[in-house]
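Subject: Structure handover

Hello,

Here is the structure I said I would pass on. My notes on what was found in it follow below.

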Amino acid sequence: MAQFRRTLSPAYHDRQYPNGAGAVFSVSSPSHKFSSSNAKYTSPFPALAAQVAALRKFLAGVFVRRYGRKGQWRKAVFRCLLFFFVGFMLGMFPFGHHVVVDDVRPSDMSFEIKPPHANAQLLRENHVLKNRVGGEERSGVVEAAVGGGRESGFIVDPVSLSVANHRSVAERFDFVPRKQLIVVTPTYNRAFQAYFLNRLGQLLRLVPPPVLWIVVEMKAASMETAEVLRKTGVMYRHLVCDKNSTDLKDRGVHQRNTALEHIERHRLDGIVYFADDDNVYSLELFDTLRDISRFGTWPVAMLAPSKNKAILEGPVCNASQVIGWHTNEKSKRLRRFHVDMSGFAFNSTILWDPKRWRRPTTNPIRQLDTVKEGFQETTFIEQLVEDENQMEGSPVGCSKVLNWHLHLDAHNIAYPKDWLLQKNLDAVVPVN
């Protein structure tokens, strides 16, 4: 027997059916019953009531409406998106009372425990504790008994977690970088070579950086010299002069010229100073070198060839202006500038930037090996400056001797291989 079933959906509209003599009855859903029960009440705001009814109908359709199996995933996705949107809107527009703090920086946040105030006073008579905080006075009664009736007051300040607007004034740093010192040292294999290089290297370690030590050897760079340079801890460059020269005078000239070529080729910027390894230098000398702008000079004390007297050679200054020269040797009175090789320093840019110093010629500046001994210094200085007006006396007044030129070489004595003695010394000192 066939059966017919008719499903009434709550979504269908109410239908009217005639009943007898024209009576009409309706079949409606629960939602319609709710609306019909409230139909007797007339809202004073019809527009607002219509919007509320529309919202209620929409929510009822979302949460009450039944879906088939195929539409369940749509329902879940739709609800997730709806809740996400509602939460996002609530987060973007928070409701309720909130405090707006303008111009708060991370550095303004201070979490500090305030120490007890120094102006807190305990009045024994009235037992009143007065504490002034921020210009306001607070009073309270403090009573405490300890031991045999002695009274003591305890001040405990709370931990303040506050946002303080500390406007710190930016500190000013007038940082001026130090000039680089380019120390040129010619050296060769001899008995005191290791001693001289170690002594000079230990002195350069005490000079504030930047310091570049250019050490020049003849023909080949020895492993012993390289080891000494590495152990000093000073930034250095180990160069080799390939000139063939057996004369001691010409050898030093060629070695310094090799260093000058290296400075000019690589455009090294700094103050160039010729520091022979057998001289004695004070630390103050290297401090004054950085004050030189173009060319600086100072007096040098040295031993005479006879080693029976000391000779002072260098400038005579009025403040920092060179007005004359110290000299004691008649054979050198014909020189234009009476300066020792270790008694002057100059700016390295003179070598490779002639336009800056308005040099009349662009010829390379080198020491000459064609002049007599003792005239290498003056002929070289004549290529750097025109006269004493372009010189700077150092220190002020040229009143200090900052380095000494001593003749301490042991001639005709070759240093042993690898600077090591294979046998013990022949000298034997008996023990009494």
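Of the 432 residues of the protein, 33% count as buried. Please keep in mind while reading that this is a predicted model. The secondary structure comes to ten helices and 19 strands. The protein exposes about 30,400 Å², and carbon and sulfur atoms supply 57% of that area. If one takes the contacts between residues at least 6 apart in sequence, 65% of them join residues at least 24 apart.

Sheets

I will describe two sheets. One is an open sheet of seven strands, in the order β10-β9-β8-β11-β17-β13-β18, and its pairing is mixed. Its edge strands are β10 (236-241) and β18, each of which pairs on one side only. At the β10 end, strand β9 (residues 211-218) runs parallel to β10, and six bridges connect the two. One of the residues involved is Met 218, whose bridge partner in β10 is Cys 241.

The other is an open sheet of five strands, also with mixed pairing, in the order β12-β19-β14-β15-β16. Here β12 (280-281) and β16 (321-326) each have a single partner strand, so one side of each is left without a neighbour in the sheet.

Going through this sheet from β12, the pairings I can report are these:

- β12 with β19 (residues 403-405): antiparallel, over two bridges. Tyr 281 has Asn 403 in β19 as its bridge partner.
- β19 with β14: parallel, over two bridges. Ala 301 has Trp 404 in β19 as its bridge partner.
- β14 (residues 300-303) with β15 (residues 310-318): antiparallel, over four bridges. Ala 301 stands opposite Leu 312 in β15.

Ala 301 therefore appears in two of these pairings, with Trp 404 in β19 and with Leu 312 in β15.

His 405

Strand β19 also contains His 405. Is His 405 buried or exposed? Its relative accessibility is 15%, and buried means under 20%, so His 405 counts as buried. Leaving aside its neighbours within four places in sequence, His 405 is in contact with Asn 279, Val 300, Ala 301, Met 302, Leu 303 and Asp 340. With Asp 340 there is also a polar contact between the side chains, at 3.4 Å.

Salt bridges

Side chains of opposite charge can pair when their charged atoms come close. How many salt bridges does the structure hold? There are seven, among them the three below.

Asp 276 and Arg 256 form a salt bridge in which the closest N and O atoms are 3.3 Å apart. This pair links distant parts of the chain, 20 residues apart: Asp 276 is in the loop between β11 (271-274) and β12, while Arg 256 is in helix α6 (residues 248-266). Both Asp 276 and Arg 256 are buried.

Helix α6 takes part in another link, in which Arg 366 forms a salt bridge with Glu 264, with 2.8 Å between the closest N and O atoms. Arg 366 lies in the loop between α9 (354-357) and α10 (376-384), and Glu 264 lies in helix α6, 102 residues apart. Arg 366 counts as buried at 17% relative accessibility, whereas Glu 264 counts as partly exposed at 24%.

The side chains of Glu 388 and Arg 336 also meet in a salt bridge, at 2.8 Å from N to O. Glu 388 is in the loop between α10 and β18 (392-393), Arg 336 is in the loop between β16 and β17 (344-347), and the two are 52 residues apart. Glu 388 is buried, with a relative accessible area of 17%. Arg 336, with 35%, is partly exposed.

Surface

Which residues form a nonpolar patch on the surface? They are Phe 84, Phe 85, Val 86, Phe 88, Met 89, Leu 90, Met 92 and Phe 93, and together they have about 840 Å² of accessible area. One of them, Met 92, is found in helix α3 (residues 72-92). The relative accessible area of Met 92 is 49%; as exposed means over 50%, Met 92 is classed as partly exposed.

Regards

Technical notes:
Residues numbered from 1 in each chain as written. Predicted model: local features only at pLDDT ≥ 70, side-chain atom pairs only at ≥ 80, totals over all residues. Heavy atoms only, no water. Pairing = 2+ DSSP bridges. Buried < 20%, exposed > 50% of the residue type's maximum accessible area, 1.4 Å probe, protein only. Polar contact = N/O pair within 3.5 Å; in protein donor to acceptor, adjacent residues only side chain to side chain. Contact = heavy atoms within 4.5 Å. Patch = residues over 30% accessible without salt bridge, like charges linked within 9 Å, V, L, I, M, F, W, Y side chains within 5 Å. Areas by Shrake-Rupley, 256 points an atom, 1.4 Å probe, with all protein chains shown as cover. Salt bridge = Lys/Arg side-chain N within 4 Å of Asp/Glu carboxyl O.
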